[in-house]
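Hi everyone, thanks for coming. I'd like to walk you through a structure that is new to most of us, so please have a look at it with me.

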Amino acid sequence: MTLSEDKNILRKPDWLKVRLPRGFKASQVLGCLNGRHLNTICSSGMCPNKGECWNNGTATFMIGGAICTRNCKFCNVTSGKPLPLNPREIEDIISSVKELNLRHVVITSVDRDDLPDYGSAHWTLMAKRLKEECPEITMELLVPDFRGKLELLDSIIAQKPNVISHNLETVRRLTPEVRSVATYETSLKVISHIASKGVRAKSGIMLGLGETHEEILETMDDLLEAGCEVMTIGQYLQPSRQHYTVKEYIHPDKFEQYRLIGKEKGFLHIESHPLVRSSYHAERHVL
């Protein structure tokens, strides 16, 4: 891979070029989100698929505000001291789901380590109200680790979402370098707990951080052992020069190889491509 003018930064290959959000449906989604001042991981996380998703009339809503208490080296979400929870956030999301006539909704959040329950009650209320107001939709919840306090997950699980996801983000060896506070083992415990309750468990990792082929296969095995049925694999894209440096851009053919390996190992669904992110084609993971 060739280097850019800054010798520490790899030049992006052609296969990572994406279209900017455009078209009527994308404008409608963006207008709806901006009009209610809602947060999405599509924008906060600089997702490369937001053009495609918004044109399909979908978005991943981010609750708990826009400021995360953690400072993971891969993530573009603002880190700092969060504002108090917005009491209108849940109602505004429900109104947006209805206005956009969504069939499948993904909810994620910032980490709220500043709150006594790490935001779990807000999560529970969000899922409960969404089920009550929009019973025809399917739902995926992409949850944080709640500091490993598994009992906080139970009230969320009790709302019976179709899928609950929690991302490992990277392989075991690189976790201390890349993630803030979260540990590999705690994330596996969260995934295992979700699966043990009979809910479809999902997780995802990024490639290009310096992991090896063997470590990727080990991560697949760890997820399967934990009961994970759905896995996503995508290319890490460095949000800024202050973030963790991309070590390698993985060719799409290699991602396809991992998809096939994952299917052979036993994943029910596996999305593997440079542009894949956690909620990419999420509606397919319900079936």
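Let me start with a small puzzle: in which helix is Ala-226 found? Ala-226 sits in helix H9. Helices here are DSSP runs of H or I with at least four residues, strands are runs of E with at least two, and both are numbered from the N terminus.

Before going on, a word on what we are looking at. This is a predicted model, where local features need pLDDT of at least 70 and side-chain atom pairs count only at pLDDT 80 or more, while totals for chains, interfaces and linings use all residues. Residues are numbered from 1 along each chain as its sequence is written, and side-chain values use heavy atoms, with hydrogens and water left out.

Now the overall picture. The chain has ten helices and nine strands. Of its 287 residues, 53% are buried; buried means under 20% relative accessible area, exposed means over 50%, and partly exposed is in between, using a 1.4 Å probe and protein chains only. Contact, for us, means heavy atoms within 4.5 Å. Among the contacts in the chain with a separation of 6 or more, 73% are between residues 24 or more positions apart.

Back to Ala-226. With a relative accessible area of 11%, Ala-226 is buried. Leaving out residues up to four places away in sequence, Ala-226 touches Leu-188, Ile-191, Ser-192 and Ala-195. The C-alpha atoms of Ala-226 and Ile-194 are separated by 9.2 Å, and the two residues are 32 residues apart along the chain.

From H9 we can step across to helix H10, residues 252-265. Does the length of H10 agree with what we should expect, or disagree? The expected span is 1.5 Å times one less than the number of residues. For the 14 residues of H10 that gives 20 Å, and the end C-alpha atoms are 20 Å apart, so the two agree.

Which residues of H10 are buried? They are Pro-252, Phe-255, Tyr-258, Ile-261 and Gly-262. It helps to remember that an α-helix has 3.6 residues a turn, so residues three or four places apart point the same way. The cover over those buried residues includes strand S7 (200-207), helix H9 (213-226), strand S8 (230-235) and strand S9 (269-272). Just after H10 comes Gly-266, with a positive phi of about 130 degrees.

How do H9 and H10 sit against each other? Two packed helices are described by the angle between their axes and the distance between the axes. Axes are lines fitted to C-alpha atoms, for helices over the stretch in contact, and angles run from 0 to 180 degrees between N-to-C directions. H9 and H10 pack at about 35 degrees, with their axes 11 Å apart. Their crossing is right-handed, meaning that the near helix is turned clockwise from the far one by less than a right angle, where anticlockwise would be left-handed. On the H9 side, the residues that meet H10 include Ile-216, Leu-217 and Met-220, and their partners in H10 include Tyr-258 and Ile-261.

There is a second helix pair to look at. Helix H4 (residues 89-99) and helix H5 (residues 120-133) pack at an angle of about 35 degrees, with their axes 10 Å apart. H4 passes H5 in a right-handed crossing as well. Among the residues that meet here are Ile-90, Ile-93 and Val-97 from H4, and Leu-125, Met-126 and Leu-130 from H5.

H5 also holds Lys-128, which is partly exposed at 39% relative accessibility. The C-alpha atoms of Lys-128 and Lys-160 are 9.0 Å apart, with their positions 32 residues apart along the chain.

Two loop residues deserve a stop. Asn-101, in the loop between H4 and strand S4 (104-109), has a positive phi near 55 degrees and is not a glycine. Tyr-118 lies in the loop between S4 and H5 and has a positive phi of about 60 degrees, again without being a glycine. Are they buried or exposed? Asn-101 is exposed, at 63% relative accessible area, whereas Tyr-118 is buried, at 16%.

Last, the cysteines. How many disulfides does the structure hold? Zero, where a disulfide is a pair of cysteine sulfur atoms within 2.5 Å. For Cys-75, the closest cysteine sulfur is in Cys-72, 6.4 Å away, which is too far for a bond. Cys-75 is partly exposed at 26%, and Cys-228 is buried at 3%.
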